[in-house]
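Biologist: Could you walk me through reading a structure like this one? I'd like to get the general idea of each feature and then the case at hand.

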Amino acid sequence: MTCDEALAALNVTPDLLSDQERDFLDAQGYLPLPGVLSDALVRDLRQRFDELVAEEGETAGTEVHQEAGTNRLSNLVNKGDIFEICFTHPRVLAAISHVLGSELRLSSLNGRAALPGHGLQGLHADWGTAVDPGDYYVCNSIWLLSDFTEENGATRVVPGSNRSGQHPKDALEDATAPHPDQVVLTAKAGTVVIFNSHTWHGGTLNRTDEPRYGLHSYFTRRDQKQQTDQRALLSEETKARLSEAGRVIVDV
Ligand SMILES: O=C(O)CCC(=O)C(=O)O
């Protein structure tokens, strides 16, 4: 099955996004999609998140990396069918393929909960160098499992930085400082925010006494390396469980 066939089998069609949504994503480098997850699914995903953090203990997140002051999880494709929605949802895939084209694959599926008093990251791009506007290699989606607020460590983005032709490591003196143009992505749990990973972004400080939960479903052009080698990391049981189209998206 080709990638185009897999996207068609998952009911991904360009008309799942309006012209305004596509224009916003192109110009601003991000796009909130409200109401992708029901309240019940948000609750169940958070419960699975907490179970995995407890089960994996000190090794949690190590398939990709750990980050002080956060609970990180990785390789979630292999950790329950509850996560399948994160790489098969039609509207999400329509937005990701709008940025990357249809020759795409999942790079990694990770979780990140910013703990109280922690979570501030420098503004960064998920790609090592500046790119020309329109020539994109990676695109992320953050799945809100908490309401994201100004206080609890919501992700910030610099709108339009995807088109700047500049990389934050070259352009910013202090990447952790507030940026004059930054927007903090406040939204309800159940929202998915697509962000072009060349858009400068980062977690903010969680100033509340509750963790801020999110999942990152991260995609790359099919000719680029995956952040987690899905063929190596997925069990035979997981590979057998996925639909043919799901296997194409994950590339196993
Ligand atoms: O979870 C977030 O708010 C953003 C995380 C992020 O950009 C990262 O870990 O690279």
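Modeller: We'll go from the overall fold to the core, the sheet, the ligand and a couple of loop residues. Keep in mind that this is a predicted model.

Biologist: Fine. How many helices and strands does the chain have?

Modeller: The count is 9 helices and 9 strands. The radius of gyration is 17 Å, close to the 18 Å that the globule rule gives for 252 residues, so the chain is as compact as a globular protein of that length. Along its principal axes, the C-alpha trace spans about 45 × 40 × 30 Å.

Biologist: What share of the residues counts as buried?

Modeller: Burial is a neighbour count: a residue is buried if 20 or more other C-beta atoms lie within 10 Å of its own. By that test, 44% of the 252 residues are buried. You can also look at sequence separation: of the contacts with a separation of 6 or more, 87% are between residues 24 or more positions apart.

Biologist: Which residues have the most contacts inside the largest nonpolar core?

Modeller: That core has 60 residues, and the ones with the most contacts inside it are A95, I96 and I194. Helix α5 (residues 90-100) gives the largest share of the core, 7 residues. Setting aside residues up to four places away in sequence, I194 touches several residues, among them V92, A95 and I96, and also L25, Y30 and C139.

Biologist: Why is α5 described as largely enclosed by the rest of the structure?

Modeller: Because 9 of its 11 residues are buried. The buried stretch includes V92, L93 and A94 as well as H98, V99 and L100. Right after α5 comes G101, with a positive phi near 85°.

Biologist: Now the sheet. In what order do the 3 strands of the open sheet come?

Modeller: Strands of a sheet pair through backbone hydrogen bonds, either parallel or antiparallel. Here the order is β6-β5-β8, with antiparallel pairing. The edge strands are β6 (183-184) and β8, and each pairs on one side only. Between β5 (residues 155-157) and β8 there are 3 bridges, and T155 has G203 of β8 as its bridge partner.

Biologist: Which residues are around the ligand?

Modeller: The shell is made up of R112, Q121, T155, H201, G202, G203 and G214. Notice that T155 and G203, the bridge partners, both appear in that list. The largest share of the shell, 3 residues, comes from strand β8 (residues 201-203). By residue class, the shell has no nonpolar, 6 polar and 1 charged.

Biologist: Let's finish with the loops. Is D181 buried or exposed?

Modeller: A residue with 12 or fewer neighbours in the burial count is exposed. D181 has 11 C-beta neighbours inside 10 Å, so D181 counts as exposed. Its place is in the loop between α6 (168-171) and β6. Leaving aside neighbours within four places in sequence, D181 is in contact with V158 and P159. As for G153, that residue is 28 residues from D181 along the chain, with 17 Å between the C-alpha atoms.

Biologist: And where does E67 lie?

Modeller: E67 is in the loop between α3 (39-56) and β2 (70-73). With 15 C-beta neighbours inside 10 Å, E67 counts as partly exposed. E67 and H124 are 57 residues apart in sequence, and their C-alpha atoms are 15 Å apart in space.

How values were computed:
Residues numbered from 1 in each chain as written. Predicted model: local features only at pLDDT ≥ 70, side-chain atom pairs only at ≥ 80, totals over all residues. Near = placed C-beta within 6 Å. Helix = DSSP H or I, 4+ residues; strand = E, 2+ residues; numbered from the N terminus. Nonpolar A, V, L, I, M, F, W, Y, C, P; charged D, E, K, R; others polar. Rg over C-alpha atoms; globule rule 2.2 N^0.38 Å. Contact = placed C-beta atoms within 7 Å. Pairing = 2+ DSSP bridges. Core = buried A, V, L, I, M, F, W, Y, C linked by C-beta atoms within 7 Å.
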